[in-house]
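Me: I would like to learn how to read the features of a protein model one at a time. Please take me through this one.

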Amino acid sequence: MTTTETNPRKLRGHKATATCCIASRNRPGFVATSAEDGCICWFDMRCKDVQLVMEIGKEPISSLCFKSGNEDIIYASSGMEVQCFDVHMATSWKPLQSYSYNKEEINQISCNSKSSFLAAADDGGDVKIIDIHQHHLYKTLRAGAGHTSICSSVQFLPWRPWEVITGGLDSKLIMWNFSKGRPYKIMDFGLPDMNSGGNTGQSFNPAFVHMLAVPEVDMLDKVDKICVVARGDGVVDVINIESELASIRSKTSTKPRRGSQSRLKDSCPTADIETSDQNGRKRLCLDYSLGGHTAAVSCVAFSLFGEIGKFIISGGNDKSVKVWDWSKYYEAGQSNDNNDIHLNISLSKKVNWLCTTPTESENLVVCDTTKVVKHNPVWYNGRFFAGLLRR
């Protein structure tokens, strides 16, 4: 493992704490950031200064996402509202659309790969599924049927068009069929058996789910159909979604109901509550014993640089960013080698959000608890930048 204290490039433009950052796939080097000042800042890494500042309101912006397939359209959540903007309409920052279906503050928004639905997870534990073609509320994934506390993260599964996955501060990860509005798989990280795959003695915080990451469509032929979980107890979990769903099929096929067929594809069974990690399902726990975080993990992302999806990037309240070469030992099972982390970046502040860019240099963007966004050199010409610094 390589540990380094970087001298990052500082992206200035916000007047309050930066909250979120997203990187363009179609225009490498373009990054959008949001903050508690109600602004979205656009940066071009080829230029020194901020290129554009969108002042869209006075409330903090909690989350950003592009419209899949059209990065000229960007969605922003602020308070209980989601707004949609065309970045080319520079003369006026009036939203193209505005959605106010959530009754509590929104924590994260996500657009599905076909650009037909947008999900908004809120403090009340609800997830609103919005039809962005017809501009109406499609479905509410209701607290009580799923989360019993704040829903902090939501992601669509790109290989399953009617399914979404959510995480919350009730320590639960929930898989939903959103067309039916019901959960069919619940994993409770607060249960003792769920922590049997990792060492949990370093952080005494609850295993809240702070953020989820799933591979994008063009990563699926390179990585497994997985979900990465940022947990409050310092663990980064890598979960094989298809293995989890196979376990449900196995259970429903062994317990057929009279007069019905046990087919997950055509029905939405009662949610299966995970109590242990058995039956051959693949789950990898990246914790402090492998050189991981010593405090809550606040965010996770897949690498867009080099071979996309090869690395998992995690940031935490321990003021560090970890770069994991997860794929090399995921198939082999749980590793006890501290070299599993390729890079450990020490920072001066806690991490709020991070993203990676598909460029050969300056490819890690970090929003910490300050108003200045940091752009770090991590990967250059197929090698980690920290490795080049040692030479």
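**Reading the model**

Reply: Start with a span and its two ends. The C-alpha atoms at the ends of residues 290–325 lie 12 Å apart, and the span is 0% helix and 44% strand. The model is predicted.

Me: What does UniProt list for residues 290–325?

Reply: An unreviewed UniProt entry lists residues 290–325 as "repeat: WD". That label comes from the record, and such annotations may be inferred rather than shown by experiment.

Me: How many helices and strands does the chain have?

Reply: The chain has 3 helices and 32 strands. Of its 391 residues, 55% count as buried. For contacts with a separation of 6 or more, residues 24 or more positions apart account for 53%.

Me: Take one strand, then. Is E11 largely enclosed or open?

Reply: Count its buried residues, where buried means under 20% relative accessible area. Strand E11 covers residues 106–111, and 5 of its 6 residues are buried, so the rest of the structure largely encloses it.

Me: Which strand is joined to E11, and in what sense do the two run?

Reply: E11 is joined by 5 bridges to strand E12, residues 117–122, and the two run antiparallel. Individual pairs set the register: Ser110 has Ala119 of E12 as its bridge partner, and Cys111 stands opposite Leu118.

Me: What lies between the strands of that hairpin?

Reply: There are 5 residues between E11 and E12, and Ser115 is one with a positive phi, near 60°. Ser115 is not a glycine. Its place is the loop between E11 and E12. With a relative accessibility of 7%, Ser115 counts as buried.

Me: Which other residue that is not glycine has a positive phi?

Reply: Lys319 has a phi near 60°. It sits in the loop between strand E25 (312–316) and strand E26 (320–324). Lys319 is partly exposed, with a relative accessible area of 39%, whereas Ser115 is buried.

Me: Back to E12. How many of its residues are buried?

Reply: In E12, 6 of 6 residues are buried. To see how they are arranged, look at the two faces separately. Phe117, Ala119 and Ala121 are buried on one side, and Leu118, Ala120 and Asp122 are buried on the other, so both faces are covered.

Me: With which strand does E12 pair over 5 bridges in the antiparallel sense, apart from E11?

Reply: E12 pairs with strand E13, residues 127–131. Ala119 stands opposite Ile129 of E13, while its bridge to E11 is made with Ser110. The hairpin of E12 and E13 has 4 residues between the strands, and Gly125 there takes a positive phi near 90°.

Me: How does one find empty space in a model?

Reply: Rolling a probe the size of a water molecule over the atoms shows where empty space is left. Here the largest pocket holds about 1,000 Å³ of space. Its lining has 39 residues, and Arg25, Cys111, Gln155, Val214 and Glu216 lie nearest its centre. Elements giving two or more residues to this lining include strand E3 (18–23), strand E15 (151–156) and E11. Strand E7 gives the largest share, 5 residues.

Me: How does that lining divide by class?

Reply: The lining of the largest pocket has 24 nonpolar, 10 polar and 5 charged residues.

Me: What is the volume of the second largest pocket, and which residues lie nearest its centre?

Reply: The volume is about 650 Å³. The second largest pocket is lined by 27 residues, with Thr19, Ser62, Asn107, Asn352 and Trp353 nearest its centre. E3, E7, E11, E19, E24 and E28 each give two or more residues to this lining. By class, the lining has 11 nonpolar, 12 polar and 4 charged residues.

Me: One last residue: where is Lys180 found?

Reply: Lys180 is in the loop between strand E17 (172–177) and strand E18 (182–188). At a relative accessible area of 35%, Lys180 is partly exposed. Distance along the chain and distance in space should be read separately. Lys180 and Thr140 are 40 residues apart along the chain, and their C-alpha atoms are separated by 9.7 Å.

Key: Residues are numbered from 1 along each chain as its sequence is written. This is a predicted model: local features need pLDDT of at least 70, side-chain atom pairs count only at pLDDT 80 or more; totals for chains, interfaces and linings use all residues. Side-chain values use heavy atoms; hydrogens and water are left out. Buried means under 20% relative accessible area, exposed over 50%, partly exposed in between (1.4 Å probe, protein chains only). Two strands pair if DSSP finds at least two bridges between them. On a 1 Å grid over the protein atoms alone, a cavity is a set of points where a 1.4 Å probe fits but cannot get out, and a pocket is an open set with protein on both sides within 12 Å along at least five of seven lines; lining residues have an atom within 4 Å of a point. Grid points are joined across faces, edges and corners, and a volume is the space filled by probe spheres set on the points. Ala, Val, Leu, Ile, Met, Phe, Trp, Tyr, Cys and Pro count as nonpolar, Asp, Glu, Lys and Arg as charged, and the others, Gly among them, as polar. Contact means heavy atoms within 4.5 Å.
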